[in-house]
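User: I am new to this structure. Please take a close look at the aromatic residues and describe how they sit within the rest of the chain.

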Amino acid sequence: LQIEMFYEAVGVMANAAQDSAKREKYLKGLMSLPNQLWSQIMQRAVQDSSILVQPVMMRRITEILKTNIEVCNSMGGNFLPQLKHLHSELAQVYKHHSESLSKYLFQNGPQSCANVQAKLLRTVRKTALRLYTAFIQAKDSNSILIAQQFLPTLLDVILSDYQKSIPEAREPEALSLFATLTEKLGQDKAAHNLALAQIPRIFEHTFEVTLKAITSNFEDFQEHRLVFFQLLKNINEYFFEVMLEFSDHQTQMVVDSVVWAFRHTERNIAETGMGLCLSMITKYANSNKCNRFFQAYMIKLVQELLVVITDTFHKSNFKLHAMTLQRLIMISESPALTANLWNPPQHFSSNAEYLHHEMISLLERAFPNVHPQEVKQFVDGLYAAKREPPKFKQFMRDFIVHTKEFSNVDCSELWAEGKTEAVDPAQSNQLLLPGMRAPE
């Protein structure tokens, strides 16, 4: 730890040099010892690759990579010469350790992931992934250069390994790396165009295998969950044109995963899923797939949304629930949605009328204790207030509190947004300071 802190501190000083030639010289001098050790290991591995999986050697490789991470964190984009120096051999080390891990698990079974040898193999891979992630997420790292020089190798080496590995051996750091990549490259127009063709490949190698693992229950693979949905969120945000080309099966998987996320009991995952849902329906509403998407998923999304709005586990996301339901109602009235949402022999004068009817039916079935007239008044109120967010949310609060589901539940989170907005600006800084906020 002290060695890593030393390298991080010297990295800060080296990065302060204004002249790029001097800065690169300082970086080269700083990394001379780790690079010398790295070169010795690589030279020995040329003669006998089995040394790379010896416990002592794996610990040494991990230490070298951790040192590089600290310097990378200090120097950001200026760490590029050092990463280029390591890149080719590091990719081979990653590949070799992945193959060795697969062979080890095949011989000893999935339970052997907890053994020392498997842990060391995975630690090398995790540390390599963290090094790439540290460089890519640096604010001053060059997006175009990343797309041209690093992306092809990362796709070839890491993606195929991730897909082929058993669930217990898939690294959440791999998902984190590609989430960081999609965000970084998506924010730069030129880099976006370079990466666009590779997004389907990232999706195909990571999406279905991860979704199958994490949705079997709400407990396993906790580290994978949030970064998985962050990756999906970034693809939706920056590469939505790729999602428009998805097959019906792929779109179905995306919608199912988003629903699963916003129904999750873990707050961060539920919030990410709800935000993703709102963004996704907005983008589809403004796309050439508007009719096809909402014919297939409008009622499903409204139904699942009403479930989380009216249960007692997701109150903290009330604001996002309200915004999403409001948006769905407005989409039902949009002139862009020209196809009928209902199926014959049903008939309605408009999609808005059909959605109104379905919402009443869904709520009546969910809350038989609430009088049908009150349900109708609630839905009527939502439609009347669809362009007035504060009023719309108030209708929702009143109905939620009125249901017996919330009779013995603390509903204060439903008003959390209003309380935050009502705080005196002079008090807002006090709330940020430990000890300055009165106990609740």
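Analyst: What follows starts with the chain as a whole, turns to the aromatic residues, and ends with a few other sites.

The model is predicted. Its chain holds 21 helices and zero strands. Taken along the principal axes, the C-alpha atoms fill a box of roughly 80 × 55 × 45 Å. The chain has 440 residues, of which 50% count as buried. Its exposed area is about 21,800 Å², with 52% of that supplied by carbon and sulfur atoms. Among contacts between residues at least 6 apart in sequence, 73% join residues at least 24 apart. As for charge, there are 44 positive and 46 negative charges, and their mean positions lie 4 Å apart.

Now the aromatic residues. The count of aromatic pairs comes to 17. One of these is formed by Phe203 and Phe246, which make a tilted pair with 4.3 Å from centre to centre and 35° between the planes. The label is tilted because stacked requires planes under 30 degrees apart and edge-to-face requires over 60, and the angle here is 35°. This pair links distant parts of the chain: Phe203 belongs to helix H10, while Phe246 is in the loop between helix H12 (240-243) and helix H13 (248-262), and the two are 43 residues apart. Phe203 has a relative accessibility of 4% and so counts as buried. Phe246, at 9% relative accessibility, also counts as buried.

A second example is the pair of Phe378 and Phe399, which is stacked: the centres are 4.1 Å apart and the planes differ by 10°. This pair, too, links distant parts of the chain, with Phe378 in helix H18 (residues 372-384) and Phe399 in helix H19 (residues 389-402), 21 residues apart. Both Phe378 and Phe399 are buried.

Phe203 and Phe246 are also members of an aromatic cluster, which is made up of Phe203, Phe207, Phe228, Phe229, Phe246 and Trp260.

Another aromatic residue, Phe221, is found in the loop between helix H10 (199-214) and helix H11 (222-238). Its backbone has a positive phi of about 55°, although Phe221 is not a glycine. Is this residue buried, exposed or partly exposed? Phe221 has a relative accessibility of 22% and therefore counts as partly exposed, because buried means under 20% and exposed means over 50%.

Trp38 is located in helix H3 (residues 32-47). With 0% relative accessibility, Trp38 counts as buried. Apart from neighbours within four places in sequence, Trp38 is in contact with Ile61, Ile64, Leu65, Leu86, Glu89, Leu90 and Val93. Glu89 appears again in a polar contact: its side chain and that of Trp38 are joined at 2.8 Å. As a guide to where Trp38 sits in the chain, its C-alpha is 51 Å from that of Ser287, and 249 residues separate the two in sequence.

Some other sites help to complete the picture. Lys126, in helix H6 (residues 116-136), is a charged residue that counts as positive. Its relative accessible area is 17%, so Lys126 is buried; the cut-off for that term is under 20%. Leaving out neighbours within four places in sequence, Lys126 is in contact with Glu171, Pro172 and Glu173. With Glu173 there is also a polar contact of 3.2 Å between the side chains.

Thr324 is in helix H16 and, at 0% relative accessibility, counts as buried. Not counting residues up to four places away in sequence, Thr324 touches Met274, Cys277, Leu278, Ile281 and Leu305. The C-alpha atoms of Thr324 and Leu301 are 9.6 Å apart, and the two residues are 23 apart in sequence.

After helix H16 (318-332) comes the loop that runs to helix H17 (351-366), and Pro345 lies in this loop. The peptide bond from Pro344 to Pro345 is cis, with omega near 5°.

To return to the request: the two pairs described are a tilted one, Phe203 with Phe246, and a stacked one, Phe378 with Phe399. Phe221, in contrast to the buried Trp38, is partly exposed.

Definitions and conventions: Residues numbered from 1 in each chain as written. Predicted model: local features only at pLDDT ≥ 70, side-chain atom pairs only at ≥ 80, totals over all residues. Heavy atoms only, no water. Helix = DSSP H or I, 4+ residues; strand = E, 2+ residues; numbered from the N terminus. Buried < 20%, exposed > 50% of the residue type's maximum accessible area, 1.4 Å probe, protein only. Contact = heavy atoms within 4.5 Å. Areas by Shrake-Rupley, 256 points an atom, 1.4 Å probe, with all protein chains shown as cover. Charge placed at Lys NZ, Arg CZ, Asp CG, Glu CD. Polar contact = N/O pair within 3.5 Å; in protein donor to acceptor, adjacent residues only side chain to side chain. Phe/Tyr/Trp six-rings, centres within 6.5 Å; stacked < 30°, edge-to-face > 60°.
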